[in-house]
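Here is a short guided tour for anyone meeting this structure for the first time. Keep the picture open as you read.

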Amino acid sequence: MSERRVLLIVGGGVAAYKALELARLFRKAGVGVRPILTAAGAEFVTPLSLAALCEDKVYQDLFSLTDEAQMGHIELSRSADLIVVSPATADLMAKAAAGLAGDLASTTLLATDKPVLMAPAMNVRMWLHPATQRNLARLKADGVAFVGPDEGAMACGEFGPGRMAEPDAIFEAAMARLGGPAGPLAGKHVLITAGPTAEPIDPVRVITNRSSGKQGYAIAGALAALGARVTLVSGPVALAAPPGVTRIDVETAVEMLAACKSALPADAAVCVAAVADWRADEVFKVKMKKSHEGPPTIRLVENPDILATLSARGAKRPKLVVGFAAETSDLEAQAKAKLKKKGCDWIVANDVSADGIMGGDENEVLLVDPQGTDRWPRASKTEIARRLAQRIAEDLA
Ligand code: C5P
């Protein structure tokens, strides 16, 4: 049986509904999903909908004669290549950390010899409680991998860390750990730039911008999930590198260019970074002070254009070079002009004057290549990333 298999443990929490979407993503990618639903989980999603999306029987009971006759719980715990716990509640984490085995989910986690990935979801106080943090550290030391939790508004009305990672993120983290039959980008190397750059003025001040790095990081994750070897050259952002991605941290445009050059050769390069156009000509060695002479004058010089440099003809030019264009007007015309000016193959253009795009979780883009323009509907940055990764895979095939 060549199909990769996941054992999906669905715990009890409002986030359990997201496990249905996760199951759908796995099935779409050809991954087998065998679901275990805890008693608490069954209060939030029905066995019927879970079975329908997983296209498999739902296992619920440690002492069910019918379940055991079909597959013993020890066999069940080893029947997949990876165990994904989504949502991983405080209770499930505590049981797994302590090695308890009073129900099917915890017995499975104790009996398995397979890797485990947990996606925690709980109230912020429960997450930050020393007991949960102790369990987290214990489980990490035992080799359990984690994705999330995210920070944000929660169903219980509080705000903070504890919200379960989105299904796309759990899917990517799982795919990176599954290995098995290689994806369409196996053997390909893709270079990505992401985030802002920070150009020093003096030891404490920088010129930077509001880029969050979210779109670039999502693209890195989506490419890795398709089997690519991904080098992510990143400016300063508050994001963790997606699983399976090699991240190189830089601050300035000059450092970003140097890191990109040393990452070559690559089959494709995707320049998502919001590189500062200018840097201070002279960086002051000591902190600039206010003086009676008034404010200082900072002379700016132009930064190197990384996209244009990578697009220039030469032995090391990646076969496919993709640039981004953040515009506030005349999107398509600007994108076409940029395609010519930079010498890249595609431009992904977005209107950053639209609400919730810059720094937000959604994006609405045009993909412009010399053949024409594709208009993609507004979607999450992860969905846009997956579409772009798919298109890159088709181009490199
Ligand atoms: O010229 P503009 O900044 O609008 O172009 C945006 C595209 O060029 C993005 O893909 C960005 O990553 C890239 N770029 C770059 N180096 C620069 C400026 C922009 O790679 N110095």
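A residue counts as near a molecule or strand if its C-beta atom, placed from the backbone, lies within 6 Å of it. This is a predicted model, in which local features need pLDDT of at least 70 and side-chain atom pairs count only at pLDDT 80 or more, while totals for chains, interfaces and linings use all residues. Residues are numbered from 1 along each chain as its sequence is written.

**The ligand and its surroundings**

Let us begin with the ligand. It is surrounded by 13 residues, and the closest are Cys271, Val275, Ile306, Leu307 and Gly323. Helix H12 (306-311) and strand S16 (320-327) are the elements that give two or more residues to this shell. Helices (H or I, at least four residues) and strands (E, at least two) are DSSP runs, numbered from the N terminus. Strand S16 gives the most, with 3 residues. By class, the shell has 9 nonpolar, 3 polar and 1 charged residues. Here Ala, Val, Leu, Ile, Met, Phe, Trp, Tyr, Cys and Pro count as nonpolar, Asp, Glu, Lys and Arg as charged, and the others, Gly among them, as polar.

Strand S16 also has strand partners, where two strands pair if DSSP finds at least two bridges between them. Strand S13 (268-271) runs parallel to S16 and is joined to S16 by 4 bridges. Within this pair, valine 270 stands opposite valine 322 in S16. S16 also pairs in the parallel sense with strand S17 (residues 346-351), over 6 bridges. There, alanine 325 stands opposite alanine 349 in S17.

**Two domains**

How is the chain divided into domains? The assignment gives domain 1 (5-178) and domain 2 (189-396); such bounds come from an automatic or database domain assignment. The C-alpha centres of the two domains lie 35 Å apart. In all, 8 residues of domain 1 are in contact with 8 residues of domain 2, where contact means that the C-beta atoms of two residues, placed from the backbone, lie within 7 Å. The side of domain 1 that touches domain 2 has 4 nonpolar, no polar and 4 charged residues.

**A parallel sheet and its helices**

Next comes an open sheet of 5 strands, in the order S2-S1-S3-S4-S5, with parallel pairing. Strand S2 (32-37) and strand S5 (145-146) each have a single partner strand, so one side of each is left without a neighbour in the sheet. Strand S4 (residues 116-120) runs parallel to S5 and is joined to S5 by 2 bridges. Methionine 118 has phenylalanine 146, in S5, as its bridge partner.

Two helices lie across these strands. Helix H1 (residues 16-28) crosses strand S1 (5-10), S2 and strand S3 (82-88), running at about 170° to S1. Helix H9 (residues 167-178) lies across S1, S3, S4 and S5, and runs at about 165° to S3. For these angles, axes are lines fitted to C-alpha atoms, for helices over the stretch in contact, and values run from 0 to 180 degrees between N-to-C directions.

Which residues of helix H5 (residues 90-98) are buried? They are Ala90, Leu92, Met93, Lys95, Ala96 and Ala97. A residue is buried if 20 or more other C-beta atoms lie within 10 Å of its own, exposed if 12 or fewer, and partly exposed in between, with C-beta atoms placed from the backbone. Their cover includes S3, helix H6 (104-111), S4, helix H7 (124-128) and helix H8 (130-141).

**Backbone details**

The table collects some backbone angles.

| Place | Angle |
|---|---|
| Serine 86 to proline 87, cis | omega about 0° |
| Leucine 264 to proline 265, cis | omega near 5° |
| Glycine 99, just after H5 | phi about 75° |
| Glutamate 55 | phi near 55° |
| Aspartate 330 | phi near 45° |

Proline 87 is in strand S3, while proline 265 is in the loop between helix H11 (253-263) and strand S13. Glutamate 55 is found in the loop between helix H2 (47-54) and helix H3 (65-70). Is glutamate 55 buried or exposed? Glutamate 55 counts as exposed because it has 12 C-beta neighbours inside 10 Å. Aspartate 330 sits in the loop between S16 and helix H13 (331-342).
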